[in-house]
Amino acid sequence: MGILKEFFDFLKERKKFWLAPILFFLILLVGLGVFAAAAGGLSPFIYALF
């Protein structure tokens with residue numbers, strides 16, 4: 001949790017709020033990739049999205 005607080009403090013101080021949505025979607029895509037790798041039967045459907 002300390003890293004998240006530090007990151008949000010950085011965004012506030014440096015006025016770099018445009019970084020937040022980019023990082024959010026990057027984390028979302030990584031999570032989807034991990035889910036696709038773990039769920040063997042669903043992989044063809046998830047890979048079809050890309």
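Good morning. The protein chain I am presenting has three helices and zero strands. Read from one end of the sequence to the other, its pattern is α-α-α. Please keep in mind that this is a predicted model.

I shall begin with confidence. The mean pLDDT of the protein chain is 79, and 76% of the residues score at least 70. The elements are not equal in this respect: α1 has the highest mean pLDDT, at 85, whereas helix α3, residues 43-47, has the lowest, at 66. Where pLDDT is low, predicted coordinates should not be read in detail. I shall therefore direct your attention to the first two helices and the loop between them.

Next, the surface. The protein chain has 50 residues, of which 10% count as buried. Its accessible surface amounts to about 4500 Å², and carbon and sulfur atoms account for 77% of that area.

Let us turn to helix α1, which covers residues 2-14. This helix has 13 residues, and the distance from its first C-alpha to its last is 18 Å, close to the 18 Å expected at 1.5 Å a residue.

Which side chains meet in a salt bridge here? They are those of K5 and D9, with a distance of 3.1 Å from N to O. In general terms, side chains of opposite charge can pair when their charged atoms come close. As for their placement, K5 and D9 are four residues apart in α1, so about one helical turn separates them. An α-helix has 3.6 residues a turn, and for that reason residues three or four places apart point the same way. The two partners differ in their exposure: K5 is exposed, at 54% relative accessibility, while D9 is partly exposed, at 32%. A search of the whole structure finds one salt bridge.

Moving along the sequence, we come to K15, in the loop between α1 and α2. This residue sits just after α1 and takes a positive phi of about 60°. K15 is a residue other than glycine, and its phi is nonetheless positive. With a relative accessibility of 61%, K15 counts as exposed.

I now come to the aromatic residues. The structure holds two aromatic pairs. In one of them, the ring centres of F24 and F25 lie 5.3 Å apart. How are the planes of these two rings arranged? They stand at 70°, and because an angle over 60 degrees counts as edge-to-face, the F24 and F25 pair is described in that way. F24 is exposed, with a relative accessible area of 52%, and F25 is partly exposed, at 49%.

Finally, a nonpolar patch. Which residues make the nonpolar surface patch of about 340 Å²? The patch is formed by L23, L26, V30 and V34. Of these residues, V30 lies in helix α2, which runs over residues 19-38.

To close, I would draw together three points for discussion. The K5 and D9 side chains form a salt bridge. The loop residue K15 carries a positive phi. The rings of F24 and F25 make an edge-to-face pair. Thank you for your attention.

Note on methods. Residues numbered from 1 in each chain as written. Predicted model: local features only at pLDDT ≥ 70, side-chain atom pairs only at ≥ 80, totals over all residues. Heavy atoms only, no water. Phe/Tyr/Trp six-rings, centres within 6.5 Å; stacked < 30°, edge-to-face > 60°. Buried < 20%, exposed > 50% of the residue type's maximum accessible area, 1.4 Å probe, protein only. Patch = residues over 30% accessible without salt bridge, like charges linked within 9 Å, V, L, I, M, F, W, Y side chains within 5 Å. Areas by Shrake-Rupley, 256 points an atom, 1.4 Å probe, with all protein chains shown as cover. Salt bridge = Lys/Arg side-chain N within 4 Å of Asp/Glu carboxyl O. Helix = DSSP H or I, 4+ residues; strand = E, 2+ residues; numbered from the N terminus. pLDDT = per-residue confidence, 0-100. Expected span 1.5 Å × (residues − 1).
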